[in-house]
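Notebook open, coffee ready. Today I'm looking up salt bridges first, then how the strands line up into sheets.

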Amino acid sequence: MTASFSAHDDPVCTLACSESMVFSGSLRSIKVWDILSYRPIKELPSQNHWVRALVVSGNYLYSGSYKTVKVWSLDTLEVLHVLQSSGGSVYSLVLTDKYIICGTYENLIQVWDLHSLKQVMTFTGHTGIVYTLAILKTPGQTRLFSGSYDKSIRVWNLELMTCSQTLVRHEGSVTSLCVSMGRAFSGAVDSTIKVWV
């Protein structure tokens with residue numbers, strides 16, 4: 001460990017990095033830190049609830065909180081757009097080259113067009129909080145993996161906007177997903193990691 005610093009008064013729920021900044025999300029708070037000195041740069045204007053999801057992509061920061069996804073400029077650190085979610089608190093957030101996608105407390109996955117910012121789809125099927133999302137791109141297909149409190153992983157075809165698989169192999173809530181080399185990895189409260197091809 002090279003550094004440790006007190007960041008928030010409440011638990012840190014999510015982190016994201018740009019080339020020069022670290023962003024941390026907590027209760028009603030997003031803080032911005034210099035990536036080299038760890039000094040605070042700014043606290044972004046008051047959030048409405050817990051900030052549980054942050055993603056940096058291109059020149060933008062995306063944040064998920066209660067019924068909202070906000071789009072921030074990395075240059076000005078000002079909010080540019082607010083997307084309204086109908087699924088309660090946003091727990092997970094992921095981007096593709098076409099879509100902004102969030103998973104919610106009320107078991108929904110909501111999809112917005114990245115360029116027009118119009119909502120294009122709401123996926124249903126999970127029966128618990130959607131804790132985690134990951135994108136797996138293969139030639140000719142983009143798949144969204146979603147992990148939930150309901151112990152399942154669902155696989156969504158983003159070209160057809162349909163659920164292509166439901167994977168039920170974990171014995172506890174699925175809390176984390178990542179992808180690499182054409183495979184998806186899932187972690188759960190059952191203390192296991194599973195690999196999906």
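**Entry 1: lysine 137 and its partner.** I looked for what lysine 137 pairs with, and found a salt bridge to aspartate 97, with the closest N and O atoms 3.4 Å apart. This pair links distant parts of the chain: lysine 137 sits in strand 11, while aspartate 97 is in the loop between strand 7 and strand 8 (99–104), 40 residues apart. Note to self: the model is predicted, so every value here is computed from it. Next I checked whether lysine 137 is buried or exposed. Its relative accessible area is 52%, and the cut-off for exposed is over 50%, so lysine 137 counts as exposed.

**Entry 2: the other pair.** How many salt bridges does a search of the whole structure find? It turns up two. Besides the pair above, glutamate 78 forms one with lysine 42, and here the closest N and O atoms are 3.1 Å apart. I then traced where the two residues sit. Glutamate 78 is in the loop between strand 6 (60–73) and strand 7 (79–95), and lysine 42 is in strand 4 (residues 40–44), so this salt bridge ties together parts that are 36 residues apart in sequence. On accessibility, glutamate 78 comes out at 39%, which makes it partly exposed. Lysine 42 is partly exposed too, at 27%.

**Entry 3: the sheet with strand 11.** Back to the strand that holds lysine 137. I found strand 11 in an open sheet of four strands, ordered 11-12-13-14, with antiparallel pairing. Which strands stand at the edges? They are strand 11 (130–138) and strand 14 (162–167); each has a single partner strand, so one side of each has no neighbour in the sheet. From one strand to the next, the twist averages 20 degrees. I zoomed in on strand 11 and strand 12 (residues 141–148), which pair in the antiparallel sense over eight bridges. In that pairing, leucine 133 stands opposite serine 146 of strand 12.

**Entry 4: a three-stranded sheet.** I also looked up an open sheet with the order 15-16-17, again antiparallel. Strand 15 (174–180) and strand 17 (193–196) are its edges, and each has a single partner, so one side of each is left without a neighbour in the sheet. Neighbouring strands here are turned by 20 degrees against each other on average, direction ignored. Strand 15 pairs with strand 16 (residues 183–188) in the antiparallel sense over six bridges. I picked valine 174 to follow across, and its bridge partner in strand 16 is alanine 188.

How values were computed. Residues numbered from 1 in each chain as written. Predicted model: local features only at pLDDT ≥ 70, side-chain atom pairs only at ≥ 80, totals over all residues. Heavy atoms only, no water. Pairing = 2+ DSSP bridges. Helix = DSSP H or I, 4+ residues; strand = E, 2+ residues; numbered from the N terminus. Axes fitted to C-alpha atoms, helices over the stretch in contact; angles between N-to-C directions. Salt bridge = Lys/Arg side-chain N within 4 Å of Asp/Glu carboxyl O. Buried < 20%, exposed > 50% of the residue type's maximum accessible area, 1.4 Å probe, protein only.
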